[in-house]
Each structure stands twice: as C-alpha cells, then as structure tokens.
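Pull up the model and keep the sequence at hand. We'll take a walk through it, one region at a time.

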Amino acid sequence: MKKKNYLLLASFLFCVSLTSCVFDNANDQTSVKVVNGVDGKDGKNGIDGTDGATWLTGDKVPTSSVGRINDFYLNTSTWDVYKKATSSSWTIVGNIKGKDGLNGTNGANGTAGENGKDGKNGIDGIDGATWIVGIGTPTIAIGVNGDLYLETKTFNIYLKKENAWEILGNIKGEDSIHANEVLNVKFDVNGGTMPEGYSSSISVNYGSVLDLPIPTRKDYTFGGWWTGFTSNDGQYTTVTPVMNNITLYAKWNINKSYTIHFECNGGNPISDMKYYADERIECLIEPSKYDYSFSGCYYDKSLTKTVAYPLTLTNDITLYASWSVATYKLTYQTNGGNEIDDVYATAGTEIELPIPNKNNYVFDGWYKDSSLKIKANEKIELHNSQTLYAKWIDETFEVSFASDHGSFIEKQQFISGTVINELPIPVRDDYIFNGWYNDSSYKDKVQYPFKITADMTVYAKWTANFIGISSLYDLNRISNMN
C-alpha cells in the first residue's frame, strides 16, 4: 500500500511539472498554460551511407588486398598515383612529383675575417612541375609540359604533355546519389565483328571502368574505342570511368591494298597501281596512243563492261583500254588577211592549204610557229591539232621609164602605196624635157604627188630647142635629129 502511494505521488508531481492550470470561476471558464517538458533522449543513429573512394598512402606498390574498387593510392617513395580498377588490380594513372630542379651554382667565398660577407645567391634551379587548380577544362595557354591541373568541379586530374592536357584520373569518390545508378554502354563496331562472348550493349554501375572488347575486321587493324569521329572526340580506355550513357565507336586503320593492272591495247604502257581496300578512286591515269583518242577503261577484253567512277577495289583487277580514231583541228591564223574557217579532220587526212588575201601585201606561205621561222608545205597530213600562221611581205610595183631617145633610166621599185613626189629627169641634147606622161600619146601628164598602186610606165615628152641656123651644117644636123 505504501509503495502504491509513492507511485501516485510521483505521477502527480510529474503532471504538475508539465502543466499549470488556472480556473476562472467568475467567468465559469478554465484557461490552461502549457509548459515545455524536458528534451527526450537522442534516437538511434541511422544506417551509414555508402563510402566514397578513399585516398590511401604507402611507400610501396599497393597489393590487391588493399582498398576497394575506385580507391586511390599514393606511393610516397615514387609519388605514383594508382586507382583500383578491379577488386584484384591497381592501375597507375599518373605521378605527382615534378622534375628535380638543377643545383644552383656555389656562392663566391667571403673574404677572410671574423665574419666574412655572405656570398652571392646561386642561380635558381629549374622549376619542378606545378599543381594548378581551377574550374573547367584547362586551356593550352596555361601551364607548361609536366604540370598537373585539378578541375574542382569534376575533380578530374590533367597532365600537360606535348603542349596538350590529358586526363590522368579523377580523385572524387562516388557520389551517394549515383550509388545505385546503372548506365548503358553501346559498342558500334563500324563494320567490324565483336569477339565471342561480348555484347554490343551492356549495363554498368556509375563510375565503373570497362573491360573493353577488341573487335576484328578483314583488311583492317583495330585502333581503339572512341567517343566519335571528329577531332573533338577522345579515346575511351580501360581506366576511363563511365559517367553517363554512351556509345563507343571502333576506329580502324586499313592494312590491305589491291593492284590495278592496265592492258593499254597499243597505247603507251602504264605501271601497275596499288590502292587500299575501300579507298575511293575518283579517276585513273589515261594512256595515250598515236592518232587515237582514249575512250575509257573496261573490265573485259571484249570491251563491254565499262568502268564507272568512283571505283572501290575488293581484289586485284585488270582494266582494258578502248580507242577511237582521233579527230584533229587545224586553225588558220591569217595575221590580218581574210578569215579562213577551222578544219576538223581524222588523223592522217591530207589537207591542201588555202591561199589567203591581204590588201597591199603578198602572201609568203604558211608557218608552223608564230615567229614565222618553220615553214609548212603546201599540203600537210594531220596528226595533231595545230595552228598555222600566214606570213606576208610588202607588195612592190615597178616604174619603167620610156625616155624617147633621152638618157637611160633604170626601172625603179616602190612599196605599194608609196607616195611619189617626183621622178628622175632624163636629158637629151638640143631638147627640152616637158615632163612624164602616163601614155605614149602624151595626153595624160603625171601629176605629183601620186601613190604607187600598180606597175606603170611613164613616157618622156620633149620639145626641140631651136637656137638659130647659121650654116648648112646646122640645118643638116637639125634635119637629121629624130
């Protein structure tokens, strides 16, 4: 009974400690004031989240029993960085130790004395590799070869090598939000064949690395898996983590070639030519044959199956040349003479060359060259297209002099169109020269100046010069004058 009373008292005191009640009888209402109780005890801890990747250190190569998949390990004796790719293997992803700087030169000795002066500082050693930190992919402009770069958004580690940055790995552990994320990886063999036991589409956990298959293709060598075919796409390796759904494409390097042999059927020979398998051939070298035109290549001797372009080889082949009799063009360059139409004729046709005309000039033949040094025959056979050039010389005319018993004057030649201002004057004893005439009847006197346009003969007109008859001798002399 006593124990029961204690329990009742404890319960009453507990209630009083929690609640204080004030009754207002005047208004026949009751108001209650609530006072917060003492905080309860902490609940049990929740289940631990999935551990992220862990950085481990040691002075030796890590063993398979150390760490979990995706953990990193720093070897403090070599400064190599490892990543655990599978449960039983570690893969080196880089090295964080820069090159040792060169030793500085010794300072000059101080002067002898109680405390010599400090020597000059030695030359600074060459800087070792530098760690650079930033957000976003590093640009080529920053850092030097051998530097390392930590991208703080993705936590990718880059190494600058041959003036380009390449990813070494990633130091961020798996995010808890990706702990159960499954991603799809597809393999496009690009004309090749997957090895037995591999699927063209697989599902993997976020952050996993891949056991990449090696496909095969006839006449090609496998060049790795790539994220695409442009210069901006990169290669996927066995240490590249899968961060999203992706399609990987097989790259191939051709290693097979085929030969084309040419049967030129009387044309000049062409050496065999080699082309890679699947190489796109847009055109082939054309042979030549005297007095024939090349009509194309054929797959067969009977010339029924024409070769069409573009051509792709899958084996060695022989091609046969087809020919037709050539047609040539003869062009006349008359150099100011009347125009003459071009002539088209088959090879070997004999052509008699025409004679052109040109005012005030004499045609001097056809020449094979524009400098008029190699003269052509009056008839030629066509064995190629060619141009002939007309040669002209100035037309000349003769002036003959009928002096009618006057002094003899030799014929004179003048270029056609020459303007004559005077002609030579003959002499005759006891006569006066009265001029040149165009006719022997002395009706059409030569008028100066005039142009020479044809051969001509001019006639001298004379008047007897009577000075008086003083003797029979003089009379007889005059009468005997003709």
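Which residues of the largest nonpolar core touch the most other members? Keep in mind that what you're looking at is a predicted model. The core has 17 residues, and the ones that touch the most other members are Val185, Phe187, Leu210, Trp225, Tyr236, Val242 and Leu248. Three strands each supply at least two residues of this core: E11 (182-188), E13 (220-226) and E15 (246-254). Of the contributors, E15 gives the most, with 4 residues.

Now pick Tyr236 out of that group and look around it. Setting aside neighbours within four places in sequence, Tyr236 is in contact with Leu210, Leu212, Trp225, Trp226, Thr227, Pro241, Val242, Met243, Ile246 and Leu248. Several names there should ring a bell: Leu210, Trp225, Val242 and Leu248 are also on the list of residues that touch the most other core members.

Let's zoom out for a moment. The chain holds 482 residues, and 28% of them are buried. As for secondary structure, there are 31 strands and 2 helices. If you count contacts with a separation of 6 or more, 44% of them link residues 24 or more positions apart. The accessible surface of the chain is about 32800 Å², with carbon and sulfur atoms accounting for 50% of it.

With that many strands about, it's worth following one sheet through. Strands of a sheet pair through backbone hydrogen bonds, and they can do so parallel or antiparallel. Here, 4 strands make an open sheet in the order E21-E20-E25-E23, with mixed pairing. At the edges sit E21 (343-346) and E23 (361-367), each pairing on one side only. Ignoring direction, neighbouring strands of this sheet are turned by 25° against each other on average.

Where does the mix show up? E20 and E25 (residues 386-394) run parallel and are joined by 4 bridges, whereas E23 and E25 run antiparallel, with 5 bridges between them. You can check the register residue by residue: Leu330 stands opposite Gln386 in E25, and Tyr332 stands opposite Leu388 in E25. Coming from E23, Trp366 stands opposite Ala390 in E25.

Stay with Leu330, which lies in strand E20 (residues 327-333). Is Leu330 buried or exposed? Its relative accessible area is 0%, so Leu330 counts as buried. Beyond its neighbours within four places in sequence, Leu330 is in contact with Asp342, Val343, Ile351, Leu353, Ile380, Leu382, Gln386 and Leu388. Take Leu382 from that list: Leu330 and Leu382 are 52 residues apart along the chain, yet their C-alpha atoms are separated by 7.9 Å.

Last stop, the cysteines. How many disulfides does a search of the whole structure find? The count is 0. A disulfide is a covalent bond between the sulfur atoms of two cysteines. Cys297 makes a handy case: the closest cysteine sulfur is in Cys264, 7.8 Å from the sulfur of Cys297, so the two are too far apart for a bond. Cys297 is buried, because its relative accessibility is 8%. Cys283, on the other hand, has a relative accessible area of 55%, so Cys283 is exposed.

Technical notes. Residues numbered from 1 in each chain as written. Predicted model: local features only at pLDDT ≥ 70, side-chain atom pairs only at ≥ 80, totals over all residues. Heavy atoms only, no water. Core = buried A, V, L, I, M, F, W, Y, C linked by side-chain atoms within 4.5 Å. Buried < 20%, exposed > 50% of the residue type's maximum accessible area, 1.4 Å probe, protein only. Contact = heavy atoms within 4.5 Å. Areas by Shrake-Rupley, 256 points an atom, 1.4 Å probe, with all protein chains shown as cover. Pairing = 2+ DSSP bridges. Axes fitted to C-alpha atoms, helices over the stretch in contact; angles between N-to-C directions. Disulfide = S-S within 2.5 Å.
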